[in-house]
Amino acid sequence: TVKTFEDGRTELTWDDEQLAKEVREAIASVKKPNVKAKVEVQKKKQKAKSEILNSVEQSMKAIEKAMDEHGITNEYARKAILGVVSKESPNLASEISYSTTSPGRIREVFPSKFRDKSDEEINDIKKDDSMFWDIVYGGKYGNTEPGDGSKYRGRGFNGITFKSNYENLQRIYDREGSRIGNINIVKNPELLEKPEVAAEFLVLF
């Protein structure tokens with residue numbers, strides 16, 4: 001029932017008290033912030049942040065250890081190595097999929113490969129990581145087979161790219177005595193995702 005006052009104000013009243021109660025509760029639930037949901041989101045953010053910091057810490061320890069064990073003690077030499085890392089792998093991670101990246105951003109990162117392609121073409125290409133990386137890195141510097149672009153994309157702390165560079169570094173590693181074990185980054189390039197391996201090949205580079 002709508003009650004109208006002399007000053008023009010109106011007030012909504014309910015003939016059914018139970019219905020009125022349910023409506024008031026419904027309105028209150030909409031207006032009331034979902035505190036529990038916000039807390040859960042905050043916890044997830046904190047967990048993700050903690051995992052990232054832990055990963056960075058482990059990676060830096062691995063780099064410091066590799067430099068120490070290779071006898072690289074000169075302050076400027078160590079800074080130079082870290083400078084390479086900051087340029088090639090600022091997040092201390094290998095190149096990842098561009099499947100969720102906008103066409104505009106992809107053109108900025110790889111202008112020579114995507115400058116002349118439409119948004120629709122880029123969106124179709126980025127759905128397939130193998131196709132995407134073959135367009136970016138395929139057909140040169142040892143990348144001759146389908147899938148080589150993805151397999152030998154930028155990995156490790158210094159963004160090792162192209163099969164020929166993987167092969168060269170593998171030869172150096174073998175020649176130096178395979179210090180951290182029987183590792184072959186040509187056959188298993190994903191090994192460069194491990195901090196100890198990435199640090200070793202960073203220093204050898």
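Helices here are DSSP runs of H or I with at least four residues, numbered from the N terminus. By that rule, Gln170 has its place in helix α9. Please keep in mind throughout that this is a predicted model.

Let me stay with Gln170 for a moment. Its relative accessible area is 5%, and because buried means under 20%, Gln170 counts as buried. Setting aside neighbours within four places in sequence, Gln170 is in contact with Ile183, Asn184, Ile185, Val186 and Phe201. Two of these names, Ile185 and Phe201, lead directly to the nonpolar interior.

The largest nonpolar core has 14 residues. Which of its members touch the most others? They are Tyr166, Ile183, Ile185, Leu192, Val197 and Phe201. Two elements give two or more residues to this core, namely α9, spanning 163–175, and α10, spanning 195–204. A second core, separate from this one, holds 13 residues, including Ile63, Met67, Val85 and Val203.

Ile185 shows how the largest core is connected. Beyond its neighbours within four places in sequence, Ile185 is in contact with Tyr152, Tyr166, Leu169, Gln170, Leu192, Val197 and Phe201. The contact between Ile185 and Gln170 thus appears in the list for each residue.

I turn now to the pockets. The largest pocket encloses about 370 Å³ of space. Its lining comprises 18 residues, and those nearest the centre are Glu88, Ser89, Glu95, Gly154 and Gly159. By class, this lining divides into seven nonpolar, nine polar and two charged residues.

Two of the central lining residues, Glu88 and Ser89, deserve a closer look. Glu88 belongs to helix α3, whereas Ser89 lies in the loop between α3 (75–88) and α4 (103–109). Are they buried or exposed? Ser89 is buried, with a relative accessible area of 1%. Glu88 has 39% relative accessibility and so counts as partly exposed, since that class lies between 20% and 50%.

Their contacts beyond four places in sequence can be listed briefly. Glu88 is in contact with Phe157, Asn158 and Gly159. Ser89 is in contact with Val84, Gly156 and Phe157. Phe157 therefore appears in both lists, where contact means heavy atoms within 4.5 Å. Glu88 and Gly159 are 71 residues apart in sequence, yet their C-alpha atoms are 5.4 Å apart in space.

The side chain of Ser89 also has a polar partner. One of its polar atoms lies 2.9 Å from the backbone nitrogen of Ala93. Ala93 is found in the loop between α3 and α4, and at 44% relative accessibility it counts as partly exposed. From C-alpha to C-alpha, Ala93 is 9.8 Å from Lys194, a residue 101 places away in sequence.

Finally, the second largest pocket. Its volume is about 230 Å³. Which residues line the second largest pocket? The lining is formed by Glu95, Ile96, Ser97, Tyr98, Thr101, Arg105, Val109, Phe110 and Tyr137. By class, five of these residues are nonpolar, two are polar and two are charged. Glu95 is also among the residues nearest the centre of the largest pocket, and Glu95 therefore belongs to both linings, a lining residue being one with an atom within 4 Å of a pocket point.

Definitions and conventions
Residues numbered from 1 in each chain as written. Predicted model: local features only at pLDDT ≥ 70, side-chain atom pairs only at ≥ 80, totals over all residues. Heavy atoms only, no water. Core = buried A, V, L, I, M, F, W, Y, C linked by side-chain atoms within 4.5 Å. Buried < 20%, exposed > 50% of the residue type's maximum accessible area, 1.4 Å probe, protein only. 1 Å grid on protein atoms, 1.4 Å probe; cavity = no way out; pocket = protein on both sides within 12 Å on 5 of 7 lines; lining within 4 Å. Points joined across faces, edges and corners; volume = space filled by probe spheres on them. Nonpolar A, V, L, I, M, F, W, Y, C, P; charged D, E, K, R; others polar. Polar contact = N/O pair within 3.5 Å; in protein donor to acceptor, adjacent residues only side chain to side chain.
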